[in-house]
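Colleague: I have a request for a close look at one part of a model, and I hope you have a little time for it. Here is the model I mean.

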Amino acid sequence: KELQGRLKDNQATLINTEIKQHEEKKEKTLSEMNKYDINIASVEKRLNEIKNAIQERRNEITNINIQLEEKGEKEQLLLRDEISTLKEDLAKYNARQETVQNEIEKIKTRAGQLKSSLQETNTKINELNKRKKEIISEIEKIQSSENTILKELQIFKKKHKIENIGDFSTKIEEIEQKIDY
C-alpha cells in the first residue's frame, strides 16, 4: 500500500511537471504570436508607405505629362527621360508591394498555426489537470483506507492485549542470549 501511495505521488508529480512544461510552451507560443503581430504591423506600415510613394509617382507622371504638352521639344525629351525613370521606379514599387503582401500572408498563416498549437496545448493542460485530480482523489482514498486499517489494528491490539509486541520480542532475544551462554 505504501508503494501504491508512492506510485500515485510519483504520477502526480509527473503530471504536474508535464502541466508546467505545457504552460511554458503556451507562454512561448503567445510570445511568438505577439512578435508576429508586431511584424505584421511593421510590414503593413511599410506597405502603406510604398502605396503612398506609388501614388506620389503617379501624380508626378501626370504633372510631367501636363508640362510636356506645354513645353518645347528639348524639354519634352528631358521630361520623357524623367517619365521613363518614374515608370521604372513605379514598377519597382509595385514589385516591392507584391513581395510585402506575400510576407503578410506568410505571417498570417504562421499566426494561425500558432493559434492552433496554443489550442492543442490548452487541451493537453486540461487533460493533465483532470488526471491530476483523479490521482489526488485516489491518493486520498488510499490514505483514508490506511487510516481505517491502522485504527482497526489499534483496536485489535487493545482487544487482544498485544500492544507491546516490540517489548516481547526484546525479552525473547535477551532470554535466548542467556541460554546461549
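What follows is about the charged side-chain pairs and their surroundings. How many salt bridges does a search of the whole structure find? Please take me through some of them, with the setting around them.

Modeller: Happy to. This is a predicted model, in which local features need pLDDT of at least 70 and side-chain atom pairs count only at pLDDT 80 or more, while totals for chains, interfaces and linings use all residues. Residues are numbered from 1 along each chain as its sequence is written, and side-chain values use heavy atoms, with hydrogens and water left out.

First, the frame that carries the pairs. The protein chain has three helices and zero strands, giving the pattern α-α-α when read along the sequence. (Helices are DSSP runs of H or I with at least four residues, strands are runs of E with at least two, and both are numbered from the N terminus.) The C-alpha atoms fill a box of roughly 140 × 35 × 15 Å along the principal axes. The radius of gyration of the protein chain is 41 Å, against near 16 Å for a compact globule of 181 residues. (That radius is taken over C-alpha atoms, and the globule rule is 2.2 Å times the number of residues to the power 0.38.) Of the 181 residues, 18% are buried. (Buried means under 20% relative accessible area, exposed over 50%, and partly exposed in between, with a 1.4 Å probe and protein chains only.)

Now to your pairs. The search of the whole structure finds five salt bridges, each being a side-chain nitrogen of Lys or Arg within 4 Å of a carboxyl oxygen of Asp or Glu. Let me pick out some of them. In one, the side chains of lysine 8 and glutamate 138 meet at 2.2 Å, N to O. Lysine 8 lies in helix H1 (residues 2-70) and glutamate 138 in helix H2 (residues 73-159), so this pair ties together parts 130 residues apart in sequence. The two partners sit in unlike surroundings: lysine 8 counts as buried at 15% relative accessibility, while glutamate 138 is partly exposed at 27%.

Another pair joins glutamate 103 to arginine 46, with a distance of 3.7 Å from N to O. Because glutamate 103 belongs to helix H2 and arginine 46 to helix H1, this bridge ties together parts 57 residues apart in sequence. Glutamate 103 is partly exposed, at 28% relative accessible area, and arginine 46 is partly exposed as well, at 30%.

Glutamate 60 and arginine 57 also meet in a salt bridge, at 3.7 Å, N to O. Here the two residues are three apart in helix H1, which means about one helical turn separates them. Glutamate 60 is partly exposed at 31%, and so is arginine 57 at 22%.

Some nonpolar residues in the sequence around arginine 46 are worth a look too. Leucine 47 lies in helix H1 and is buried, with a relative accessible area of 6%. Its C-alpha atom is 9.6 Å from that of threonine 99, though the two are 52 residues apart along the chain. Isoleucine 50 is placed in helix H1 as well and counts as buried at 9% relative accessibility. In helix H2, isoleucine 83 is buried at 7%. The C-alpha atoms of isoleucine 83 and lysine 178 are separated by 122 Å, with these positions 95 residues apart along the chain.

Finally, a nonpolar patch on the surface. Leu150, Leu153 and Phe156 form it, with about 270 Å² of accessible area together. (Patches are made of residues with over 30% relative accessible area and no salt bridge, with like charges joined within 9 Å and nonpolar side chains, meaning Val, Leu, Ile, Met, Phe, Trp and Tyr, within 5 Å; areas come from the Shrake-Rupley method with a 1.4 Å probe, and for residues only the protein chains shown count as cover.) Of the patch members, leucine 150 lies in helix H2 and is partly exposed at 43% relative accessibility.
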